[in-house]
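Hi everyone, thanks for making room for me today. Have a look at the chain on the screen, and then I'll walk you through it.

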Amino acid sequence: WLIEGILPMGLGILAGKSKIGKSWLVLALAIAVAAGRLALGKANTFQCDVLYLAMEDNQRRLQKRMRSLLKGEAAPERLTFAMTWESGDNGALERLDEYLEHHKACRMVIIDTFVMVRRRAGNKNENAYERDYMDMVAYRLLAQRHNVCILLVHHTKKQDASDVFDMISGTTGMQGAADTMMVLARPRGSLN
C-alpha cells in the first residue's frame, strides 16, 4: 500500500465531476505521502518522492492550495510539480518512463488530468473500448515496471448510474485496465 487501505501500487483512477475537489484531494494525498504522515487524517502512508503533473493549474493556484493545506508547515521536499508535460501523441509515456528510471525514490505519480497525456489520435481501426483499454494498459504496465502508483485524475459522466464505477467517463475499457478505482461524489459546496 502507498496509502494503507486506500491506494496500492499500480494504476489508479480518481474520477469525479468538474470542480468537485479532485485536485484538492490528490494534492492532500501527495503532501501526506511526500511528508510520510497520515493521509486523510487516519491512513498510514509509505513515504516516498511524489511527482504531481498539475497540468490544469498554474503556479499561483498551486501555491494558494499548498498554503491552505499545509497550514503554516513547510512543503515536503519530496514533492515535485510539473505544470507542463508532453501530450500522449508526443511522448508523454516515454518521458514518464525516463523520469521514473532516473528518480528511483519516486513511487507516486499523479496525473491531473488523464486527458492531458492521452493519445489524441487513435488507430482508425480501433474502437472506443480498445482505445480506452490500450491507453490505460500502457500506464498500468509502466506502473508495474517501476513498482509505483500512478493515479490518474479523470472525470465522470453527467448522468448517474446504478454502479458508481459506470459513472467514470469513457468505456468500460478504462475500468478494465485500472488496478484501483475511486469516485469522488459529494454535494457541491460541501466540505465532507
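Let me start with a question for the cysteine fans: is Cys106 buried or exposed? Cys106 is buried, with a relative accessible area of 2%. Please keep in mind throughout that this is a predicted model.

So what about disulfides? With a cut-off of 2.5 Å between cysteine sulfur atoms, the count comes to zero. Cys106 takes part in no disulfide, and the nearest cysteine sulfur, that of Cys48, sits 6.7 Å away. Cys149 tells a similar tale: its sulfur is 8.7 Å from the closest cysteine sulfur, again in Cys48, and that is too far for a bond. Cys149 is buried as well, at a relative accessible area of 0%.

Now let's step back to the whole chain. The protein chain has five helices and six strands. Starting at the N terminus, the elements run β-α-β-α-β-α-β-α-β-α-β. The radius of gyration is 16 Å, close to the 16 Å that the globule rule gives for 192 residues, so the chain is as compact as a globular protein of that length. If you like to picture a box, the C-alpha atoms fill one of roughly 55 × 40 × 30 Å along the principal axes. Of the 192 residues, 45% are buried.

On to the strands, and I'd begin with E2, residues 49-54. Five of the six residues in E2 are buried, so by the under 20% cut-off this strand is mostly covered. Which strands does E2 pair with? One of them is E4, residues 106-112, joined to E2 in the parallel sense over six bridges. Within that pairing, Tyr52 stands opposite Ile110 in E4. E2 also pairs in the parallel sense with E3, residues 79-82, over four bridges. There, Leu51 faces Thr80 in E3. And remember Cys106 from the start: its number falls in the range of E4, residues 106-112.

Elsewhere, strand E1, residues 10-16, and E6 pair in the parallel sense over five bridges. In this pair, Ile13 stands opposite Met181 in E6. E6 covers residues 180-184 and is mostly covered, with four of its five residues buried.

A loop residue deserves a moment too. Phe114 lies in the loop between E4 and helix H4, which spans 128-146. Is Phe114 buried or exposed? At 1% relative accessibility, Phe114 counts as buried. Its C-alpha atom is separated by 5.5 Å from that of Leu152, although the two residues are 38 apart along the chain.

Last stop: the second largest pocket. About 280 Å³ of space lies in this pocket. Its lining has 15 residues, and the closest to the centre are Lys19, Lys22, Ser23, Glu56 and Arg65. Helix H1 (22-35) and helix H2 (59-70) each supply at least two residues of that lining. The largest share, three residues, comes from H1. What kinds of residues line this pocket, by class? There are two nonpolar, five polar and eight charged residues.

That's my tour, and I'm happy to go back to any part of it on the screen.

Terms used
Residues numbered from 1 in each chain as written. Predicted model: local features only at pLDDT ≥ 70, side-chain atom pairs only at ≥ 80, totals over all residues. Heavy atoms only, no water. Buried < 20%, exposed > 50% of the residue type's maximum accessible area, 1.4 Å probe, protein only. Pairing = 2+ DSSP bridges. 1 Å grid on protein atoms, 1.4 Å probe; cavity = no way out; pocket = protein on both sides within 12 Å on 5 of 7 lines; lining within 4 Å. Points joined across faces, edges and corners; volume = space filled by probe spheres on them. Nonpolar A, V, L, I, M, F, W, Y, C, P; charged D, E, K, R; others polar. Rg over C-alpha atoms; globule rule 2.2 N^0.38 Å.
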